[in-house]
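User: I've got a structure open and I'd like to go through it with you, one question at a time. Could you walk me through your reasoning as we go?

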Amino acid sequence: MTFSNIPELAFGLASIGTGILSLLLAIAVFLGNPNLKENRIWALTSLSVAIWGGGLGMAILSPNERISLMWNQVFYTGGVWIPTTFVWFVSVFTRKPIIRTFLFVCFGISTILMCVLWIRIEWFVPDLVPRGPFRFWDILGPAYHVFTIHFFLCMGYSCLRLFRSIKTVSVTEQKKYRWIAIGIACGVIGGSTNFFYDYNVDIYPFGQFLVFLYPVLVSWAIIKYQAMDIGVLLKKTGFLLFIYFLLIALIIPIPIFIHANLAETLGSWPLLILFEIFIIAGVLSLGPFLYALVVQRGNMFRENTLAGLTHELKSPLVAIESALDMLDDRIKTQINPKDTSYFEMIERNSIRLKMFIDDLIQIFGNNQESRSLNINKVDIAGLVQEICNSNNALVKAKGISIEFQIGDPVIVLCDEKRIAQVVSNLISNAVKFTDKGKVAVRCNNDNGRVRVEVQDSGMGIGPDEKPYIFDRFFQGRGRNRSKGTGIGLTIARMWIEAHGGEIGVDSGGVGKGSRFWFTLPHQPGLTKY
């Protein structure tokens with residue numbers, strides 16, 4: 001092969017690049033959370049793609065037919081497992097199990113095809129011939145036709161299930177699903193163009209360059225939308241690689257300068273090389289220190305630390321609550337009323353601290369129990385009315401009013417406790433940030449969905465703050481910014497989207513009030529967080 005054969009070289013390098021990126025993605029997904037089933041299965045799928053892509057590139061760029069045929073065995077070993085592991089992954093990822101017998105059949109077909117590859121390769125690829133710009137391309141054996149049918153049936157069925165599932169999840173989940181689906185579609189469609197030459201269709205397999213986008217887009221979805229619980233790991237790895245990239249860019253001029261200006265001064269080549277190694281090692285050793293400095297002082301990677309810290313806080317709090325329960329009856333009958341007020345203050349603040357820790361666990365907790373839903377029929381209008389009534393004392397104390405407007409009776413399937421928490425957060429925020437005027441709460445049916453609105457005449461939200469209003473720990477720059485923790489709206493969004501609903505805010509700007517709203521489907525498409 002010569003470098004003048006650009007189409008062949010480009011195809012081979014693109015395939016090897018896909019293999020390397022897919023291998024890195026497989027390792028990152030597995031190490032990110034090996035206890036999560038979908039991570040383990042996706043790692044297997046990515047590993048299969050890595051073997052297929054890397055082996056295909058090596059087969060195309062091989063110096064002779066014998067070596068190319070050996071690499072054919074390698075890349076088809078990965079290829080026969082791609083459809084099976086992908087069917088398995090989609091079943092777990094979308095949480096819609098497929099018929100177990102179908103999955104067993106897929107595993108059986110892949111196992112048989114792999115055995116044929118290594119025992120009777122001539123049944124799969126009898127020979128290699130020139131095809132288009134390529135020196136080595138497959139002649140098909142009977143087993144290859146079985147592989148083709150198996151590939152298109154499994155991949156088509158799985159992609160259809162994946163794209164259909166997008167409609168059944170929350171808005172945030174839809175974005176994650178969409179990017180992963182697009183990445184997978186690039187891989188499937190791109191890889192499928194290799195079948196053109198296999199079946200004597202004289203079209204260059206240009207789609208192979210699309211396969212390169214598969215690991216890139218899936219990695220983007222993982223980082224952007226925290227898919228598969230490895231976003232933090234990839235952020236840390238990417239940031240460390242970025243630091244070393246900058247350091248290497250800084251190092252490159254050093255040996256050039258030394259050779260140009262210090263060669264005669266240092267004299268011997270061994271001394272020159274030793275001096276260069278010393279300088280380069282010194283610069284590269286700065287990498288871990290720069291990484292640690294940014295991570296410790298920045299906000300980029302706090303999530304795992306906060307998750308652990310939250311659970312550590314809850315243990316001593318449980319001990320305090322137990323001790324208070326044991327001492328409650330005894331102490332209150334033996335101390336004077338003044339001291340009793342101090343005891344009650346401890347109780348109130350322990351309850352307040354427990355509520356705050358529970359909120360943090362809901363956001364940062366990795367266990368499914370902390371984010372599970374208990375679905376029942378709930379009268380949303382009655383629930384909202386009850387929460388409005390519970391805020392009457394605070395409303396009167398501030399000299400404002402609260403109005404409740406309801407349309408037709410509204411009954412939905414939802415988790416009453418979680419939706420009550422959402423409504424309570426929205427109403428308490430409206431009351432908190434309104435010093436004059438009123439808070440209006442509305443509940444009605446809107447195009448087959450329940451819509452709840454909480455509108456106030458308070459401080460309002462500036463256009464520069466609106467995009468971040470539901471972010472963790474975000475607080476506006478107003479005078480009341482210290483009155484909360486900045487996680488109430490984050491929790492509200494989490495529970496609404498877990499029910500398959502939407503939540504948002506409208507505001508005319510600072511000083512013009514705000515209107516927070518959320519919608520819920522009557523029959524929720526629930527999202528498992």
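User: Let's start with F147: buried or exposed, and at what relative accessibility?

Analyst: Keep in mind that this is a predicted model. The cut-off for buried is under 20% relative accessible area. F147 falls under that, so it counts as buried, at a relative accessibility of 4%.

User: Which residue forms a tilted aromatic pair with F147, and at what centre-to-centre distance?

Analyst: F147 sits in helix α5 (residues 142–165), and its partner is 23 residues apart from it, in the loop between α4 (100–119) and β1 (127–131). That partner is buried too, because its relative accessibility is 0%. The planes are 45° apart, and the pair is tilted. So the residue is F124, going by the cut-off of 6.5 Å between centres, and the distance is 6.0 Å.

User: Which aromatic cluster holds F124 and F147?

Analyst: The count for the model comes to 25 aromatic pairs. F124 and F147 belong to one cluster made of F75, Y76, F124, Y144, F147, F151, F152, F195 and Y199.

User: What about the largest nonpolar core: how many residues does it have, and which helix gives the most to it?

Analyst: F124 and F147 turn up here again, among the residues with the most contacts inside the core, together with W42, Y76, F86 and I184. The core has 50 residues. The top contributor gives 10 residues, and that is helix α3 (residues 65–93).

User: Which residues does I184 touch, leaving out those up to four places away in sequence?

Analyst: I184 is one of the residues with the most contacts inside the largest nonpolar core. With residues up to four places away in sequence not counted, I184 touches W42, F86, C159, L162 and Y214.

User: How many residues are in the other core, which lies apart from that one?

Analyst: Its members include I387, V452, A492 and I496. V452 also has a bridge partner in β9, namely F518. The count for this other core is 43 residues.

User: In what order do the strands of the five-stranded sheet run?

Analyst: The sheet is open, with mixed pairing. Its edge strands, each pairing on one side only, are β4 (401–406) and β8 (502–507). From one strand to the next the twist averages 15°. The order is β4-β6-β7-β9-β8.

User: Why is β7 largely enclosed by the rest of the structure?

Analyst: β7 pairs with β9 in the antiparallel sense over eight bridges. Eight bridges also join β6 to β7, again antiparallel. As for the enclosure, β7 counts as largely enclosed because, of its eight residues, the number buried is six.

User: Which residue in the turn between β6 and β7 has a positive phi?

Analyst: β6 and β7 form a hairpin with two residues between them. Outside the turn, A440 has Q455 as its bridge partner in β7. In the turn, a positive phi of about 55° belongs to N447.

User: Which helix lies across β4, β6, β7 and β9?

Analyst: Its direction is about 170° to β4. The strands it lies across include β6 (438–446) and β7 (449–456). The helix, residues 380–390, is α17.

User: Over the face of which residue does R451 lie?

Analyst: The cut-off for a charge over a ring is 6 Å from the ring centre. R451 is at 4.7 Å from that centre. The ring belongs to a residue in β9 that is the bridge partner of G504; β9 (residues 514–521) runs antiparallel to β8, with six bridges between them. The residue under R451 is W517.

User: In the hairpin of β1 and β2, which residue takes a positive phi?

Analyst: β1 and β2 (residues 134–139) pair in the antiparallel sense over four bridges. One bridge has R131 partnered with F134. Two residues lie between the strands, and the one with a positive phi, near 60°, is G132.

User: Last one: is N200 buried or exposed, and at what relative accessible area?

Analyst: N200 is in the loop between α7 (195–198) and α8 (208–211). Most residues other than glycine have a negative phi, but phi of N200 is positive, near 60°. The cut-off for exposed is over 50%. N200 passes it, so it is exposed, with a relative accessible area of 58%.

Notes: Residues numbered from 1 in each chain as written. Predicted model: local features only at pLDDT ≥ 70, side-chain atom pairs only at ≥ 80, totals over all residues. Heavy atoms only, no water. Pairing = 2+ DSSP bridges. Axes fitted to C-alpha atoms, helices over the stretch in contact; angles between N-to-C directions. Contact = heavy atoms within 4.5 Å. Buried < 20%, exposed > 50% of the residue type's maximum accessible area, 1.4 Å probe, protein only. Phe/Tyr/Trp six-rings, centres within 6.5 Å; stacked < 30°, edge-to-face > 60°. Lys NZ or Arg CZ within 6 Å of the ring centre and 35° of its normal. Core = buried A, V, L, I, M, F, W, Y, C linked by side-chain atoms within 4.5 Å.
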